[in-house]
Structures are given as structure tokens and as C-alpha cells.
Amino acid sequence: MIRPINVREPAVRASLTRAFETMGFEVIPFKRTEESVLSCVPKDVPLTVTASPAKGQDATIDLTVKLIGHGYSVAPHLSAQQVRDRAHLADIVARCREAGVTDVFVIGGDPTDTPTEFQHAHDLLVALHELDHGFTDIGIGGHPEGHPAVSPDVLFQALKDKCALATHIKTQIVFDPKVILDWARELKNRGIDLPVHIGVPGAVHRQKLLRVSGGLGIGESAKFLKKQQSMLWRFFVPGGYSPDKIIKGLAPHIGKPDNHIEGFHVFTFNDLGPTEAWRERTLQSLVS
């Protein structure tokens, strides 16, 4: 069981309290996800639903519509590799509007066998804005560790191009708070002024992480498990895994003028009960 986060400084406690009160959970559209959300997650916790290459884009929208119907605020992932064409995108937008979805998260996604006219997240964003989509919040992904084959200048310019069509950034998981903070400050330096939500792993059982890394095609939220084995290993060494280091390392910098870090987004891997219990325990410790 992950212990709640404790800090002494009043300003940092206040920042963390706000962050944990507004913290969102990412869920994967599996068979029992709806049931698990209903039994474990309060209605005031914002949710995102991943786009699973194994299940397709429509499964993401199906679960989103169901959870919206139960009273949750839900943002579906829209994957450029899973939206077949503009007609498919128009159908997705229509379903979202009918259900009352106001928030989406646009990603490039993992390649699939489904032919698509969209290659990258930017392509999908452009097509989305050509529709009367009605969304008030559009998220895009951020990658603080960069890419070994692409220069930082190219990556930052690509992100800046997407930012003109979005309203916030959610990052992938990075374990080093300094790397995240340096990246967030560089965003500010380059005039990328969208609020940033830092991706952190939830209170995920280690056996669950082993199953997730075993080849299931579950999309963006598990890429790091499959592609970065050294990072996966850190979950299993004694004392090697906890979101506390990331959160406590960044908490003093939330709201500072040199960055746009606003809060945290939790990759739950559908371990919702333990993750919500950790969030609640931490909130109680922060306000006590």
C-alpha cells in the first residue's frame, strides 16, 4: 500500500491539496472497467478513456458515453491511428456531442491494421477543428524526456504547432522531477503557454504491471512499459516505485511563474480501488 504524501510547508500543502482535489484518472476500456469505475471512483474525479489498438476507437467512445451517463466527467482519447477518415471523425464528434462530452484528448497513437487518413495528432486536430465539434477542452500529449531520434527543437516546434489547436497538455510518465521541471520551464521559454498536467502512475499492483507489460495492446498509457524495460524494472526493485517522488519534487513549483504546471493526471492501469484510496488518504493527510 502506498503511503499518503506528507509535506510541511503551508503553501506546498495548499498546492498539493488543490492538485489532489482536481486529479484525473485514466482508464482502459476493458470488459469490467465500467463496473470498476462505478464501485471505486467518486463522480467528481475527472476521467479519460484510452484508445486501445486492440479494441479500436469506437470502444473508447462506447465506454465514454456509458460513464457520462453515470454522471462522470469523461474525456475520450482520439487516436490518429484509429480514426479511419473524416466521416468516422464526424460520427465520433456527433456521438460525443449527443452524450454531452466537452473534453477530448488527441494523440498520434500506436499504428494499427486499420487504414487511416490521419498520420499524426496534428492531422487529426486540424480535421477536428474543421468540424463544429463543440468541445471546450482539447488535450494533447507532452513528452518531457524527448525522443532519441528527434532533436529537441523539432519536438518543441511540433508541440507548439499542436498547442495552437489545443487547451492543455498531459505528459507521459517520467520518473525524474528535474527532467519534468526543466521541460516545463523550456515550454514557457518557447512561448508554449498551455496548462500542463503531469502524468504519474497510480497505486498500481506490481502483478498488474507485469500483466500489462505482457503484450496487451492497450495504447498510449502503457507504451513506456513495453518500450522502456529499464523504466519497467524500476517498478519492481525494492523501494523503486512510488508516485511520491515525482509529486513531492514538483509540488513546490506548481503555480510558479517560470512554468505552467497545474496538477497531475494518474495512469491507473485500471487499479482504481487502490489508487482512489491513496488519493483520499493523501487528501486527508494534507488537510489534517
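Trainee: Where is G134 placed in the chain?

Mentor: G134 sits in the loop that links α5 (121-129) to β5 (137-142). Keep in mind that this is a predicted model.

Trainee: Why is G134 called partly exposed?

Mentor: Its relative accessibility is 42%. Buried means under 20% and exposed means over 50%, with partly exposed in between, so G134 at 42% counts as partly exposed.

Trainee: And which residue is paired with G134 across 38 positions of sequence?

Mentor: That is C96, with the two C-alpha atoms 9.3 Å apart in space. C96 also takes part in the meeting of α3 with α4.

Trainee: Good, let's go there. How do you know that α3 is roughly parallel to α4?

Mentor: Two packed helices are described by the angle between their axes and the distance between the axes. Here helix α3 (residues 57-69) and helix α4 (residues 86-99) pack at about 10°, and their axes are 10 Å apart. Angles under 35 degrees count as roughly parallel, and therefore α3 is roughly parallel to α4.

Trainee: Which residues of α3 and α4 meet?

Mentor: From α3 come Q57, D58, I61, D62, V65 and I68, and from α4 come H88, I92, R95, C96 and A99.

Trainee: How many of the residues in this contact are nonpolar, polar and charged?

Mentor: Six are nonpolar, two are polar and three are charged. Asp and Arg count as charged, so D58, D62 and R95 belong with the charged ones.

Trainee: What makes S52 buried?

Mentor: S52 has a relative accessibility of 1%. The cut-off for buried is under 20%, so S52 at 1% counts as buried. You will find S52 in the loop between β2 (47-49) and α3. Its C-alpha is 8.9 Å from that of S79, with their positions 27 residues apart in sequence.

Trainee: Moving to the start of the chain, how do you know that the span of α1 is close to the expected one?

Mentor: Helix α1 (residues 10-21) has 12 residues. The expected span is 1.5 Å times one less than the number of residues, which comes to 16 Å for α1, and the helix reaches 16 Å from its first C-alpha to its last.

Trainee: Which residues of α1 are buried, and what covers them?

Mentor: The buried ones are V12, R13, S15, L16, T17, A19 and F20. Their cover includes α11 (244-250), β8 (261-267) and α12 (272-287).

Trainee: T22 follows in the loop between α1 and β1 (24-27). Why is T22 called exposed?

Mentor: T22 has 54% relative accessibility. Exposed means over 50%, so T22 counts as exposed. The C-alpha atoms of T22 and G263 are 7.7 Å apart, although the two are 241 residues apart in sequence.

Trainee: Is Q284 in α12 buried or exposed, and how do you know?

Mentor: Q284, in helix α12, has a relative accessible area of 54%. That is over the 50% mark for exposed, so Q284 is exposed. Its C-alpha is separated by 9.2 Å from that of T17, and the two are 267 residues apart along the chain.

Trainee: What makes the phi of F269 worth a look?

Mentor: Most residues other than glycine have a negative phi. Phi of F269 is near 50°, a positive value in a residue other than glycine. N270 also has a positive phi, near 65°, and is likewise not a glycine.

Trainee: Where are these two residues, and why are they called buried?

Mentor: F269 is in the loop between β8 and α12, and N270 is found in that loop too. F269 has a relative accessible area of 3%, and N270 has one of 14%. Buried means under 20%, so F269 is buried and N270 is buried as well.

Trainee: To finish, what does the protein chain look like as a whole?

Mentor: Its secondary structure comes to 12 helices and eight strands. Buried residues make up 52% of the 288 residues. Among contacts with a separation of 6 or more, 80% join residues 24 or more positions apart. The accessible surface is about 13,000 Å², with 53% belonging to carbon and sulfur atoms.

How values were computed:
Residues are numbered from 1 along each chain as its sequence is written. This is a predicted model: local features need pLDDT of at least 70, side-chain atom pairs count only at pLDDT 80 or more; totals for chains, interfaces and linings use all residues. Side-chain values use heavy atoms; hydrogens and water are left out. Helices (H or I, at least four residues) and strands (E, at least two) are DSSP runs, numbered from the N terminus. Buried means under 20% relative accessible area, exposed over 50%, partly exposed in between (1.4 Å probe, protein chains only). Contact means heavy atoms within 4.5 Å. Accessible areas come from the Shrake-Rupley method with a 1.4 Å probe; for residues, only the protein chains shown count as cover. Axes are lines fitted to C-alpha atoms, for helices over the stretch in contact, and angles run from 0 to 180 degrees between N-to-C directions. Angles under 35 degrees count as roughly parallel, over 145 as roughly antiparallel, 65 to 115 as roughly perpendicular and the rest as oblique.
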